[in-house]
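Here are some notes for a colleague who is opening this structure for the first time. Please read them with the sequence and the model side by side.

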Amino acid sequence: MGVFARTRSIGTAAAVIASLMTVAYAGMKVVMAIRGELGLPGFPPKPTSDTTNPDIARNEWTLALLGLVAAGIAAFTLLPVARRVPRWLLACAVWAAGVS
């Protein structure tokens, strides 16, 4: 196996793992949005969090949507068409999804 083939398989594994983990995060945010709670299941919100905000469910839905967008960007990198997109543009999209 050449260096490029090994790099491609590591990149593929990283994209699959990133996509799956982000979908799991989005799923947890959906659960919290349905409950109208802040944070993640099994983890209480930080003491500095504003738990009296009436828009908690909307905020959690927004985070779930952002998580699905991030998972979509990670999955997009696996498609053959992604090779035609300039690397800097794809890197910016992945970075933006990561910091959202």
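1. R58 counts as exposed, because its relative accessibility of 52% lies over the 50% that the term requires. This residue has its place in helix α2, and, as with everything in this note, the description rests on a predicted model rather than on an experiment.

2. Which residue forms a salt bridge with R58? The partner is D55, and the closest N and O atoms of the two are 3.0 Å apart; the same pair of side chains is also joined by a polar contact of 3.0 Å. D55 is partly exposed, with a relative accessibility of 31%, whereas R58 counts as exposed. Elsewhere along the chain, G36 is 22 residues apart from R58, and the C-alpha atoms of R58 and G36 are separated by 8.5 Å.

3. A search of the whole structure finds three salt bridges, and the one between K29 and E60 deserves a careful look. The side chains of K29 and E60 meet at 3.0 Å, taken from N to O. The pair links distant parts of the chain, since K29 belongs to helix α1 and E60 to helix α2, with their positions 31 residues apart in the numbering.

4. Are the two partners of that bridge buried or exposed? K29 counts as buried because its relative accessibility is 6%, which is under the 20% cut-off, and E60 counts as buried as well, at 1% relative accessibility.

5. The surroundings of E60, which is found in helix α2 (residues 56–76), can be described further. Leaving aside residues up to four places away in sequence, E60 touches K29, M32, A33, E37, L38 and G39. With G39 there is also a polar approach, in which the side chain of E60 reaches the backbone nitrogen of G39 at 3.5 Å.

6. E37, one of the residues that E60 touches, takes part in a salt bridge of its own, in which the side chains of R35 and E37 meet at 3.8 Å from N to O. E37 counts as partly exposed, with a relative accessibility of 37%.

7. Finally, the surface carries a nonpolar patch formed by V16, I17, L20, M21 and L78, which together have about 470 Å² of accessible area. V16 lies in helix α1, which covers residues 3–35, and V16 is partly exposed, with a relative accessible area of 34%.

Definitions and conventions. Residues numbered from 1 in each chain as written. Predicted model: local features only at pLDDT ≥ 70, side-chain atom pairs only at ≥ 80, totals over all residues. Heavy atoms only, no water. Patch = residues over 30% accessible without salt bridge, like charges linked within 9 Å, V, L, I, M, F, W, Y side chains within 5 Å. Areas by Shrake-Rupley, 256 points an atom, 1.4 Å probe, with all protein chains shown as cover. Salt bridge = Lys/Arg side-chain N within 4 Å of Asp/Glu carboxyl O. Helix = DSSP H or I, 4+ residues; strand = E, 2+ residues; numbered from the N terminus. Buried < 20%, exposed > 50% of the residue type's maximum accessible area, 1.4 Å probe, protein only. Polar contact = N/O pair within 3.5 Å; in protein donor to acceptor, adjacent residues only side chain to side chain. Contact = heavy atoms within 4.5 Å.
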